[in-house]
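I sat down with this chain today and kept a few notes as I went. Here is what I looked up, in the order I looked.

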Amino acid sequence: MHQRQRSPAKMASVRFMVTPTKIDDIPGLSDTSPDLSSRSSSRVRFSSRESVPETSRSEGMSDFSGATTSVATVAGELASDRTSKPLDVAEDPGRKKDIYLNSTSYEDGDEYFDKNLALFEEEMDTRPKVSSLLNRMANYTNLTQGAREHEEAENIAEGKKKPTKTPQMGTFMGVYLPCLQNIFGVILFLRLTWVVGTAGVLQAFAIVLICCCCTLLTAISMSAIATNGVVPAGGSYFMISRALGPEFGGAVGLCFYLGTTFAAAMYILGAIEIFLMYIAPEAAIFRSTDVLKESAAMLNNMRVYGSAFLILMVLVVFIGVRYVNKFASLFLACVIVSILAIYAGAIKSSFAPPRFPVCMLGNRTLSGRQIDFCSKTQEMGNFTVPTQLWGLFCNTSRQLNATCDEYFAHNNVTSIQGIPGLASGIITENLWSSYLQKGEIIEKPSAPSVDVLGAMSQEYVLADITTSFTLLVGIFFPSVTGIMAGSNRSGDLKDAQKSIPIGTILAILTTSFVYLSNVVLFGACIEGVVLRDKFGDAVHRNLVVGTLSWPSPWVIVIGSFFSTCGAGLQSLTGAPRLLQAIAKDNIIPFLRVFGHSKANGEPTWALLLTAGIAELGILIASLDLVAPILSMFFLMCYLFVNLACALQTLLRTPNWRPRFRYYHWALSFVGMSICLALMFVSSWYYAIVAMVIAGMIYKYIEYQGAEKEWGDGIRGLSLSAARFALLRLEEGPPHTKNWRPQLLVLLKLDEDLHVKHPRLLTFASQLKAGKGLTIVGSVMVGNFLENYAEALAAEQTIKHLMEAERVKGFCQLVVAARVREGISHLIQSCGLGGMKHNTVVMGWPNAWRQSEDARAWKTFISTVRVTTAARLALLVAKNVAFYPGNAEPFAEGNIDVWWIVHDGGMLMLLPFLLKQHKVWRKCNIRIFTVAQLEDNSIQMKKDLATFLYHLRIEAEVEVVEMHDSDISAYTYERTLMMEQRSQMLRHMRLSKTERDREAQLVKDRNSMLRLTSIGSDEDEETETYQEKVQMTWTKDKYMAARGQKARTLEGMQDLLNMKPDQSNVRRMHTAVKLNEVIVNKSHEAKLVLLNMPGPPRNPAGDENYMEFLEVLTEGLERVLLVRGGGSEVITIYS
C-alpha cells in the first residue's frame, strides 16, 4: 500500500501513495461492527513500530445512509474502527526483530510509515490519519431521494439487489424538467384566462410578476442553502430545519406537508372540473334546472368524483410508485404540448382567428347553452318567427306580441367574435380591471345598451364568486409553486451543487416568461367577456384557453386533464415521504407512528393520513377556495427559506460557505417581505390561521424539549443577541428599579455525588419564579485531571435536579484542592459580563457543634467573608429541610420580616418576590422593627407604614420595644459555656495534632516535609500551631516538644477557672434578647427573615460568631438570614 524511497547514503524525504482498498481485501473484517459507544471507551497505544490497521474502510457505505454526514462523524467512526481490532506486538513473535525504528526489513503490507507520525501515535484512536478520512469521504454516496429507491426495491427480488449506482442525472433532466412539471399546473389552464379578464392585463401582469419574483428570490435563497452541503431526503424541510432549528423546522415542515397535501386535493378538483365540464358533462350525477341550484349540484358532483379519484390515485401510489415515475414524462409532455398549442393558436389568430361567436343582449353576455340562433327572430320562408331566445325572455311564449322582459325589449341581440385575434387591438379594452360581485352579469362596457333594469334571467352569464385583487393573488399563487422539486432530488444528481441553482432558476425564468406572455396573449387575443366567463358558458361550454389553441380545443382539454392527474399523483407521492422524514427526525412525538413504512420503504401510514387530509380539501369542492389555503402554507415555507438564508448570511457563521455565490441577505429579506405581504394580501384570515398552526407546532416542539442540535441559525442568532445584550449590560451598573436577585446557589454534594439539600434549589426556584439569572454551583475536592469524569457526572446530577425543580439556569461545578478555594473561585468567576450573580444562597451547617472537624463552620464563615468582600448579598437558609416543596402551597400563614438594621432593602424585596410563587401566595407579610428606649415607637410605626405604602408593598407593621435590662445569669452562663467549649475543642485538636506530629516525625525523620493537621481543610486550620516544623531531629527540639505538650495539659486544667470575655457577653445578651422577642412574635410564622450580623474582624472569634447566630435563631422552624450587598435594591420612585 505505502512505499518508501530511501537513498543509500542518507534518509530521504518520505512519500506516501494512497490507493483505495476494497473491503474484501482486508481479512477478518465484516460489515457488522460493534456499537460505537462500546468501542470508543477503549484506547490503544501503538508503539512506534506497530502498524495501524486501516479498518476505516470496512464499514462501507452503510454507515452513511442516514440524513447527515460530517467530518466529525467520519472521524469518530474511524477512531472507533481503530480500536475494534488492535494489534499487539507480542502476538507475532516473528516480527520481534522489527521493534526498532531503524530496522529496514519490513514485511509486505506493514504500515511502517507510522514512524513519521510518531508524535501523534498515542492519539491515533481518536484522531485518524488524513488519508483514511479522505478515503472514507470519497466513498460516501448519498441515497437517492424521492421515490426511485422504492421503485428499485419493488423491481429487484430479495437477495438480488444491485449495488447503488453513482447518480448520473444532469441539470436538464434532474432539475429543470421536474421543476417545470411541478410549476405548470391546473391554474394555467383553468383560471389564468379568468384572472386576466377580471383583473385586466395590467393588474394580472402585476399579480404574475409579484408571484414570480417571490419564487425567484426564494429560489436564490434556496440555492444558497442547498449548495451549503449535502441536502438529503426531505428537501425544503431538511434545509429549513437544519438552518433554523427543530422548532422552526418542524413547524414549517408540517406547513409544507399540509400545502403539498392540499395541492393534491386542488389538482384532483381541477381534473374533475375538466372532466365534468368539458370532457363528459353527461357523467354528472347531480343535476338541476335552476341556475341558482346548479352550482350546488356541481359541488356535490365534485365531491363524489373527487373522492373516487382520490381513492384511485392512493391505490396507484400504494401499489407502487413505479407507475407514477413511468408516466411522469408522459404528463410532462402533455403540459409542454398544451402550452405550445396556446402559442400556436395565438400566432394563427393574428391572420385566421378561430370562429367562436358570443351572443350579446345589449352589453350583457348570454349563455350559449340553450340558444340555437343568436337573434330575437329569424326568417323561415316568408315568415318572421321568434327564436328560442325570444321564448326565454318572453314568458316561454313564441308569439311576437307577447310581453317580454324590459331589457330584452329595449336592446338588440348581437353576435361578437369570441377570439378577435392578435391583430384586433382588443387588448386596449382588456387592460383595465372588471371586478364583479357574486351573481352580477358579465358585461361588455363598450357595447351599446339601453340602461333599463330588466329581470335577472338565468340565460345571462353570471359571476359565480365576488372577485377582488387579493382573491386573485391567492388563487393564482399555487401556479408558481413547485420550485423545490430540484432540491428534493439532490441525491439523483451528478453535481447537485451546480445543478440545483441553475436548473431551478432557469425553470422559474421559463415559467415566468410563459405566464407573463400568456397574460399579454390572452388579453390581446380573447374578448373580455369570454375571459371573464370562468367556465366558458358564452362559447358553448368550451374551455376558454382551449378556444385559442391550435389545432383543436381538445388538445388543451386532454393535455390539461392528464397533466393535472399527474401533478396530483406527484403530490400524493411526495407528501407522505415528507411526513415520514419529519416523523423520523423524532421532533414531534405524536407523529412517530408515521415514520414506519413497508418493507420497501413505502410510508403506508403517512399515505393514509395524507389521503384523509386531501379528502378534506376535496369536500370543500371548490378550486377557488382550496387554492388560497395551500397558498398560505407554501408562502410560509418560502418565507422561512428566505429567513434561513438571510439569517445565516448576516450571522456569518463559519459553516456558511455556499457554492452558489449570487445571493445577498437583502434579496432574501425582500423575498421574505413579499411572502409575508402576499399571505395577508391574498387572505388575511387564512394567513392568521396558518401562523397560529405553525406557532402551535413550534411551541409544542419547544415544550416537548426538542433535544436536537443541528447547528441551526437560531442558535447562532441567540448567541449574537446574547453577546449584544451582554455588551449593553456592561455599559453601567443596573438601576435600583431593575435590581433583582441574580442567584448563585451553593450546593453541597455527598460521597455519592448526590445533592445533600435539594430543598435549597426548590427555595431558589420559588424566589426566582423563572425570572433572572440562576447559577447553581458546587465544589468537588480533588484534582481536575483525575476527577474530570466524576465532575461531569456530578454536573449531570445537578442538571437533572434543576430540571425536576424547574430551575431555569446554569450549572457550574469546580474541582479544587480545598472547598474554600473552590467556593471563592465560584463567587469570583461565575457569570459573564453584566450577567453576573449579585446574591449568594447557601445552607446553614446544621451539625457544626457536634462535629470534631472544624472545616464545616470555617468554610461557612470564609464564604460569608468572601461574599462581603465581593459586595454581594447573602441568603442563608437554616433548617432548609423543612422548607416547602413546589407542590406544597401554604393555605395561610405569615412571612415575618425582622428589620433590625438597614442594608439595602433586601428584607423588603424578598417576601414580595416569594409571594409571586404559588407556594407563598396566600401568606401575609408582617414587618417587625426594633425600637430602643430613646426611640418614638409610635412615630416609627407611622413612618414605616408610609414607607411601605410608597414601596407599593402590602404588609402589617409592628414596632417591638426592647428596653435596656441587666445581663441575666443565663446569658453569662451561656457565654461562659461557649468559651469553655471553644477552648476545650482547641486543646483537643491541639493534642491530636501533637500525637499525629510525633508519629509523623518518627516515620519520616530524614525527610523534608511540611506538616499539616490531618483532617483539616487548610494549613491554618489549627490556630494555636502555625509555625513550620523543621524535620531535622535534635534532642533539644524533642525536649521542647515534650514541654509544649505538658503546657497543653496545664491549659486544660485552667478551663475551670476562666472568666468570659465582656464583648462576648454583650453579644450573647443581644442574641438572647432578640431571640426571645422573635420567638414570642413569630414562633408560628411560615418563614422568618432577619438581618444576619457580619463575622468578627478578628478570626479568633469565628467559633463564637457561629454560637451567636445559633442562639439568635433557636426555636424557629424556618429562618432565612439576610445580609445585603451594600447597595440599595428597592426604591419608592417609579
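The entries below go through helix packing, sheets, a salt bridge and some backbone details.

**Entry 1: what I am looking at.** I reminded myself that this is a predicted model.

**Entry 2: α22 and its two neighbours.** I began with helix α22, residues 623–651, and helix α24, residues 684–704. Their axes lie 10 Å apart, and the packing angle is about 45°. An angle of that size falls outside the parallel, perpendicular and antiparallel ranges, so α22 and α24 are oblique to each other. I noted the crossing of α22 and α24 as right-handed. Which residues of α22 meet α24? On the α22 side I listed Leu-625, Pro-628, Ile-629, Met-632, Phe-633 and Met-636. Across from them, α24 brings Tyr-686, Ala-687, Ala-690, Met-691, Ile-693 and Ala-694. Sorted by class, the contact of α22 with α24 has twelve nonpolar residues, with no polar and no charged ones.

Next I turned to α7, residues 192–226, which also packs with α22. The axes of α7 and α22 come within 9 Å and cross at roughly 35°. The crossing of α7 with α22 is left-handed, whereas that of α22 with α24 is right-handed. From α7 I wrote down several contact residues, among them Trp-194, Cys-214, Leu-217, Met-222 and Ile-225. Their counterparts in α22 include Asp-624, Leu-635, Tyr-638, Val-641 and Cys-645. The class count for α7 with α22 is eleven nonpolar, four polar and one charged.

**Entry 3: α9 against α21.** How far apart are the axes of α9 and α21? I found 8 Å between the axes of α9, residues 246–279, and α21, residues 604–620, at an angle of about 55°. That angle makes α9 oblique to α21. The crossing of α9 and α21 is right-handed. In α9 the contact residues include Tyr-257, Leu-258, Phe-262 and Ile-268; in α21 they include Leu-609, Ile-613, Gly-617 and Ile-618. I counted eleven nonpolar, three polar and no charged residues in the contact of α9 with α21.

**Entry 4: the ten-stranded sheet.** In what order do the strands of the ten-stranded open sheet run? I read off β8-β7-β6-β9-β10-β15-β14-β11-β12-β13, with mixed pairing. The edges are β8, 810–816, and β13, 956–961; each has a single partner strand, so one side of each is left without a neighbour in the sheet. On average, neighbouring strands of this sheet are turned by 20° against each other, direction ignored.

I then picked out one pair: β6, residues 743–747, and β7, residues 774–781, run parallel and share five bridges. Leu-747 has Ser-778 of β7 as its bridge partner. Helix α27, residues 788–804, packs on the sheet and touches β6, β7 and β8. The direction of α27 makes about 150° with that of β8.

**Entry 5: the three-stranded sheet and a hairpin.** I also found an open sheet of three strands, ordered β2-β1-β5, with antiparallel pairing. Here β2, 364–365, and β5, 413–417, are the edge strands with a single partner each, so one side of each has no neighbour in the sheet. Between β1, residues 357–361, and β2 there are two bridges, and Leu-361 is partnered with Arg-364 in β2.

Then came β3, residues 377–380, and β4, residues 383–386, an antiparallel pair joined by four bridges. Thr-377 stands opposite Pro-386. Two residues lie between the strands of this hairpin, where Gly-381 has a positive phi near 70°.

**Entry 6: salt bridges.** How many salt bridges does the count give? I got 16. One I looked up is Lys-444 with Glu-527, at 2.7 Å from N to O. Lys-444 sits in the loop between α14 and α15 and Glu-527 in the loop between α17 and α18, so the pair ties together parts 83 residues apart in sequence.

**Entry 7: backbone details.** I checked the peptide bond between Trp-550 and Pro-551 and found it cis, with omega about 10°. Pro-551 belongs to the loop between α19, 544–548, and α20, 553–585. Arg-541, a residue other than glycine, has a positive phi near 55°. Arg-541 is placed in the loop between α18 and α19.

Note on methods: Residues are numbered from 1 along each chain as its sequence is written. This is a predicted model: local features need pLDDT of at least 70, side-chain atom pairs count only at pLDDT 80 or more; totals for chains, interfaces and linings use all residues. Side-chain values use heavy atoms; hydrogens and water are left out. Axes are lines fitted to C-alpha atoms, for helices over the stretch in contact, and angles run from 0 to 180 degrees between N-to-C directions. Angles under 35 degrees count as roughly parallel, over 145 as roughly antiparallel, 65 to 115 as roughly perpendicular and the rest as oblique. A crossing is left-handed if the near helix is turned anticlockwise from the far one by less than a right angle, and right-handed if clockwise. Contact means heavy atoms within 4.5 Å. Ala, Val, Leu, Ile, Met, Phe, Trp, Tyr, Cys and Pro count as nonpolar, Asp, Glu, Lys and Arg as charged, and the others, Gly among them, as polar. Two strands pair if DSSP finds at least two bridges between them. A salt bridge is a side-chain nitrogen of Lys or Arg within 4 Å of a carboxyl oxygen of Asp or Glu.
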